[in-house]
Amino acid sequence: MKNKLHSGVFVAGFVAVCSFGATAGQPLQYEDVFQLEYVSEPQIKADGSAVVFVRNRFDQVLDKRIGSLWLSDTKTGQLRPLLAETDDISSPVWSPDGKKLAYISMASGKPQIHLRWMDSGQTVQISHLPNAPSGVSWSPDGQWLAFSMFTAKKAANPVQLPGKPEQNDWAKPPIYIDTMQYRADGRGYLASGYRQIYLMPAEGGTPVQLTQGDFDHGGEISWQADGKAFYFSANRQSDKRLQAQNSEIYQLTIADKQLKQITDRFGPDHSPTLSPDGKWLAYLGYDDKKLAYQADQLYLRNLKSGEVKALTADLDRAVDSYAWAADSDALYIQYDDAAEGKIALQPVSGKRKVLVQQVGGTSYSRPYTGGSFSVADNGALAYTKMSAQAPAELGYYKGGEVRLLTGLNKDLQLARDIGEVEEFWVKSSVDQREIQSWLILPPDFDPSKKYPLILEIHGGPHTAYGPVFAMELQLMAAQGYVVLYSNPRGSTSYGMEFANLIHHNFPSQDYNDLMDTVDATIAKGFIDPEQLFVTGGSGGGLLTSWIVGHTDRFKAAVAVNPVINWFSFVLNADMYNYFSQYWFPAMPWENPQHYLKHSPISYVGNVKTPTMLITGEADHRTPISETEQFYQALQLRGVETAMVRIPGASHGIHIRPSNLMAKPAYITYWFNKYKSKD
């Protein structure tokens with residue numbers, strides 16, 4: 001609920017969000033990264049009696065996240081482990097009769113499908129696949145498992161050099177590339193091949209490839225009740241890389257492996273699910289208008305008549321996921337609204353009703369929205385529950401009652417004084433739109449004192465922050481800073497119009513929105529206006545670089561994996577085929593003035609603020625060459641600057657726990673260097 005807005009640009013009051021209350025603990029320490037735990041992938045049993053979920057922790061020796069499977073009894077709340085946490089386990093899926101559990105485990109050293117018999121506790125690896133499986137799905141009779149997997153396609157080098165002796169020390173042969181999508185962030189340079197769908201007996205055996213062709217198939221698989229066919233999504237356009245968003249729904253008949261195209265429009269149609277009675281096919285998608293932000297809506301197709309209706313056309317929020325009710329009369333939908341995850345019951349005909357709020361909490365490093373849920377036949381829901389004081393816990397809903405089934409971080413909350421998160425709203429000086437914002441207060445906060453302020457800006461730009469636990473920001477607050485974050489124009493969860501205010505116009509007035517939130521925070525009386533700092537990652541790194549080229553009010557800045565030059569970015573990023581078509585009115589060589597107008601490099605001559613840049617050396621989304629441009633320009637100008645390169649890191653720097661520690665440590669080092677000493 002919003003505070004009442006007073007005149008001017010700021011709100012006088014606060015709304016406390018999920019405060020843990022007074023503690024006698026110490027502030028968070030960097031090594032507490034390894035104490036975090038969170039819930040993901042909750043899967044409720046069909047009868048609602050139990051929830052299996054992935055319990056995630058961070059291993060200090062291996063420096064990585066480890067997932068194990070745990071079970072919660074929904075009646076008693078009793079927790080018990082199902083599988084050892086040393087193997088890194090994910091993607092649990094109940095069999096139709098609830099007697100077995102399929103999951104993916106790294107026990108053999110690479111991802112493979114395993115089964116567990118719930119009565120005996122016996123487990124077995126049933127696949128020996130060359131590549132990682134995903135989207136595992138049981139056939140209705142429990143006899144088969146369908147899944148998708150990258151399938152290599154040998155690409156011969158067009159040039160064969162003569163004269164190579166058997167015993168040789170020749171250089172590795174050149175790599176010949178002629179495809180549009182040849183690298184991806186987090187994966188590097190891509191092998192030749194495509195994702196295909198396979199079928200394998202549930203007791204193990206040889207997988208049978210069902211799909212063919214130079215196309216990627218996969219995602220969610222939905223079976224017909226008779227088990228003779230299933231539905232899935234794929235982009236099988238002849239120019240699929242240029243039409244990167246244009247996917248359709250297909251039906252695959254297992255006996256003859258024949259495909260039938262179900263949808264046909266320009267836009268992404270995906271995540272198909274048949275209703276339990278087999279009458280309706282639900283799916284997500286939208287009519288592609290080549291806007292920077294377009295929200296998935298929920299569609300229903302009558303399989304008998306072919307009639308299609310948009311079930312959430314009046315919602316103006318992106319539907320993230322959904323599930324059918326057992327009676328086929330309604331669906332449960334998950335979406336973000338004003339930075340909060342919600343689950344609503346959406347009838348096939350009638351008004352939707354919100355059942356659950358505070359869905360999310362799986363981002364853990366920065367306060368992004370998100371989360372997941374599953375539903376039982378009796379309407380009970382299991383979901384990831386967000387909080388400002390801890391990463392995702394296991395939430396449970398039934399009959400109007402919400403319960404918390406886990407408390408994985410209660411030990412950390414008891415030992416550490418976690419910063420309180422407070423919400424406020426600001427009126428933009430541009431057009432009086434309301435900008436939702438939050439502050440993280442340092443431990444032992446005293447409103448009569450003056451504190452330094454860090455403005456932290458989210459990436460995307462079409463994403464949203466919320467009242468969600470964020471280790472990076474909490475670690476900054478633990479160093480004695482007030483941390484401000486907000487959702488300026490362009491952010492999601494406020495409607496299509498708000499998100500597209502920056503369409504072909506980023507950065508622009510989002511800069512003004514951010515400055516308005518800073519002014520509103522200073523007006524509260526406990527910020528030292530001479531001690532302002534700014535940081536952000538990805539789109540937030542771009543805005544940080546933009547800010548220092550437009551104002552000198554910040555003492556120091558840290559831009560994390562930023563975009564510096566839109567011209568070079570569009571021609572270097574892994575998703576260049578998407579960015580060039582959806583984020584800009586023309587190709588770079590057709591309208592270079594537009595690209596440069598919105599590029600921080602164009603304003604580097606104005607920069608006086610000491611600026612550090614941090615980027616992963618394996619970042620293919622915002623390549624490190626962007627960082628190097630700004631660093632070298634600042635060096636040439638004599639501006640105090642530093643560059644921090646993260647070896648081996650992709651765009652998601654925080655994925656390795658040690659990097660999750662390093663990022664806020666370097667940021668606060670830089671800010672402390674320029675902070676006035678008391």
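**Local backbone and surface features**

In this predicted model, E41 is partly exposed, with a relative accessible area of 29%. Because exposed requires a value over 50% and buried one under 20%, a residue in between is termed partly exposed. E41 is part of strand β3, which spans residues 37-44. Its backbone is notable for the sign of one torsion angle: phi of E41 is near 50 degrees, a positive value in a residue other than glycine.

A positive phi is also found at S493, where the angle is near 85 degrees and the residue is again not glycine. S493 lies in the loop that connects β37 (482-486) with α3. The relative accessible area of S493 is 6%, and this residue is therefore classed as buried.

Two cis peptide bonds were identified, each of them leading into a proline. The bond from G460 to P461 has an omega near 5 degrees, and P461 is located in the loop between β36 (451-457) and α2 (471-477). The bond from F506 to P507 has an omega near -5 degrees. P507 belongs to the loop between α3 (496-499) and α4 (509-522).

On the surface, a nonpolar patch is formed by V159, L161 and W170, which together contribute about 320 Å² of accessible area. One of these residues, V159, is situated in the loop between β12 (144-152) and β13 (183-184). V159 has a relative accessible area of 53% and is therefore exposed.

Conventions
Residues numbered from 1 in each chain as written. Predicted model: local features only at pLDDT ≥ 70, side-chain atom pairs only at ≥ 80, totals over all residues. Heavy atoms only, no water. Patch = residues over 30% accessible without salt bridge, like charges linked within 9 Å, V, L, I, M, F, W, Y side chains within 5 Å. Areas by Shrake-Rupley, 256 points an atom, 1.4 Å probe, with all protein chains shown as cover. Salt bridge = Lys/Arg side-chain N within 4 Å of Asp/Glu carboxyl O. Helix = DSSP H or I, 4+ residues; strand = E, 2+ residues; numbered from the N terminus. Buried < 20%, exposed > 50% of the residue type's maximum accessible area, 1.4 Å probe, protein only.
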